[in-house]
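Student: I'm new to this one, and I'd like to know where the descriptive words come from. Can we go through them together?

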Amino acid sequence: MSNTAQSSAAKRIEALLDENSFVEIGKSVTARSTDFNLTEDKTPSDGVITGYGLIDDNLVYVYSQDASVLGGTIGEMHAKKICRLYDLAMKMGAPVIGLIDCAGVRLQESTDALNAFGELYRKMSLASGVIPQISAVLGQCGGGLAVAAGLSDFVFMDGKAGKLFVNAPNALAGNKTEDTACAAFQSEHTGLVDFVGTPDEIFAQIRALVPMLPANNSDEAPLSDVADDLNRECTDIAGAAADPAVALSQISDSGVFCEVKAAEAKEMVTGFIKLNGTTVGAVANRTAAYDADGKQTAEFKPVLTAKGCEKAASFVNFCDAYDIPVLTLTNAEGFLADKHNEYRIGKAAAALVTAFASATTPKVNVIVGNAYGSGFTIMNSQALGADVTYAWDSAKVGTMDAKLAAGIMYDGSDAATINEKAAEYEKKQNSVDAAASRGYIDTIIRPEDTRKMAIGAFEMLYTKREDLPARKHATV
């Protein structure tokens with residue numbers, strides 16, 4: 001390792017990677033600019049340590065910024081080292097992990113530094129969907145570097161020392177009190193951050209995530225050993241349907257569930273589980289949240305929101321890019337009806353529709369509650385391309401609640417007539433049997449059989465091949 005071996009940047013790499021696995025690249029690089037007395041400042045490694053190593057014996061490329069060198073600012077050579085790392089990662093088909101602690105653009109290098117940012121953006125954009133990109137914000141990440149974080153697939157952030165912003169909080173017109181650069185704001189409101197924790201927790205989470213992901217878009221995710229019974233019944237899952245974080249843990253091998261963007265749009269759950277040792281992406285509607293003691297901590301309406309649709313669409317796109325199968329647990333009764341949601345719900349719902357309809361990875365949908373109206377259609381329905389659709393025997397499928405439908409169709413009728421027609425509508429139009437009789441549901445299952453049925457479906461779909469119409473990309 002270079003003469004920065006005792007720096008926090010180097011120690012972070014050591015804490016992240018397998019012991020003694022890191023090999024540094026470009027340790028002799030220093031700043032090239034001579035303007036504004038820059039030659040008087042020592043710039044070892046130009047403020048960033050780059051190289052490769054292992055996480056659980058999986059090859060990864062890592063860069064770690066050193067805030068003690070010109071504030072970790074990005075200049076020409078600093079960015080060139082990271083771009084060089086991307087070139088190697090693309091050739092080898094391995095993830096890139098950035099440990100970010102940077103004051104932003106290096107002012108002394110002016111347009112050289114700006115061009116360097118542009119070159120880094122291009123490398124990250126071209127790598128998107130080819131190799132996984134992970135960023136950990138461990139200190140400052142402001143201005144242009146916040147865009148680089150946004151180009152990553154997963155962003156981790158130090159809950160105390162991390163600061164992530166495009167514009168600093170004190171530069172925002174009218175903002176006098178809110179810290180818009182803190183982890184809570186960036187994880188809950190912007191959705192830019194997936195995981196928040198201490199540095200040790202972040203390194204542990206990255207080490208848990210990397211082995212669940214394919215190294216690139218041509219490889220499969222590593223298979224893990226399975227000690228769990230493939231035919232195990234999920235005896236308590238019906239009672240956990242309201243909180244998919246609990247239900248998905250029951251479905252998964254040995255309770256493995258890695259939730260992403262847990263703090264954003266909590267009514268929509270996204271994350272990774274394991275089924276028969278294979279990584280599966282999960283998308284599910286949530287109506288309640290429970291803590292580790294089983295106490296309800298939050299309640300949500302069974303509806304689709306703009307933020308929830310955007311969150312799910314982004315996740316489905318990631319899974320499809322790396323051919324990770326997708327499992328959905330559907331429990332939605334249409335769209336949230338309020339003015340704020342109306343600003344973006346049309347576009348957001350269209351993005352989710354496009355994500356499901358365009359995804360060629362294996363897709364299995366399980367209707368676990370009420371699937372009414374657009375909630376049924378948009379949440380990975382057969383019409384959008386779901387390969388297999390299951391429904392619990394307790395689920396309901398239709399356009400809306402039976403009593404509401406009867407009230408509209410028989411407006412002005414007395415209560416007895418409304419109730420009679422509602423019961424008739426429930427039987428004929430809102431039952432899973434009616435949907436199954438029309439072929440919209442493949443199999444009606446018991447809730448406790450969800451795990452084994454999902455495993456069987458994905459095993460059947462293992463060799464799936466699907467060709468979409470020729471095009472450069474969707475425009476939604």
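Tutor: Sure, let's begin with handedness: a crossing is left-handed if the near helix is turned anticlockwise from the far one by less than a right angle, and right-handed if clockwise. The helices here (H or I, at least four residues) and the strands (E, at least two) are DSSP runs, numbered from the N terminus. This is a predicted model, where local features need pLDDT of at least 70, side-chain atom pairs count only at pLDDT 80 or more, and totals for chains, interfaces and linings use all residues. Residues are numbered from 1 along each chain as its sequence is written, and side-chain values use heavy atoms, with hydrogens and water left out.

Student: Then why is the crossing of helix 2 and helix 3 called left-handed?

Tutor: Because whichever of the two is the near one is turned anticlockwise from the far one by less than a right angle, the crossing of helix 2 and helix 3 counts as left-handed.

Student: How do helix 2 and helix 3 pack, in numbers?

Tutor: Helix 2 (residues 76-92) and helix 3 (residues 110-127) have axes 9 Å apart, at an angle of about 15°. The axes are lines fitted to C-alpha atoms, for helices over the stretch in contact, and angles run from 0 to 180 degrees between N-to-C directions. Angles under 35 degrees count as roughly parallel, over 145 as roughly antiparallel, 65 to 115 as roughly perpendicular and the rest as oblique. About 15° is under 35, so helix 2 is roughly parallel to helix 3.

Student: Which residues make the contact of helix 2 with helix 3?

Tutor: Contact means heavy atoms within 4.5 Å. On helix 2 the list includes A79, I82 and Y86, and on helix 3 it includes A116, L120 and M124. By class, there are 10 nonpolar, no polar and five charged residues. Ala, Val, Leu, Ile, Met, Phe, Trp, Tyr, Cys and Pro count as nonpolar, Asp, Glu, Lys and Arg as charged, and the others, Gly among them, as polar.

Student: What makes helix 8 and helix 10 roughly parallel to each other?

Tutor: Their axes cross at roughly 25° and come within 8 Å. That angle is under 35 degrees, and therefore the pair is called roughly parallel. The crossing of helix 8 and helix 10 is left-handed too. Among the contact residues are A313 and V316 of helix 8, along with L352 and F356 of helix 10. The class count is 12 nonpolar, two polar and two charged residues.

Student: And why is helix 1 called oblique to helix 6?

Tutor: The axes of helix 1 (residues 8-16) and helix 6 cross at roughly 45° and come within 9 Å. Roughly 45° is neither under 35, nor over 145, nor in the range 65 to 115, so helix 1 is oblique to helix 6. This crossing is right-handed. R12, A15 and L16 in helix 1 meet F203, I206 and R207 in helix 6. That contact has four nonpolar, no polar and two charged residues.

Student: Which residues of helix 6 are buried?

Tutor: In helix 6 (residues 199-209) they are I202, F203, I206 and L209, each with under 20% relative accessible area (over 50% is exposed, partly exposed in between; 1.4 Å probe, protein chains only). They cover an arc of only 130° around the axis, so they are on the same side of helix 6. The arc is that of the directions from the helix axis to the C-beta atoms.

Student: How do you know that the buried residues of helix 15 are on the same side?

Tutor: T450, R451, A454, I455, A457 and F458 are the buried ones, and their arc is only 165° around the axis.

Student: Why is D56 called partly exposed?

Tutor: Its relative accessibility is 48%, so D56 falls between 20% and 50%. D56 is in the loop between strand 2 (48-55) and strand 3 (58-65), and its phi is near 55°, a positive value in a residue other than glycine. Most residues other than glycine have a negative phi.

Student: What about D323: buried, exposed or partly exposed?

Tutor: With a relative accessible area of 47%, D323 is partly exposed. D323 sits in the loop between helix 8 (306-321) and strand 14 (326-332), with phi near 55°.
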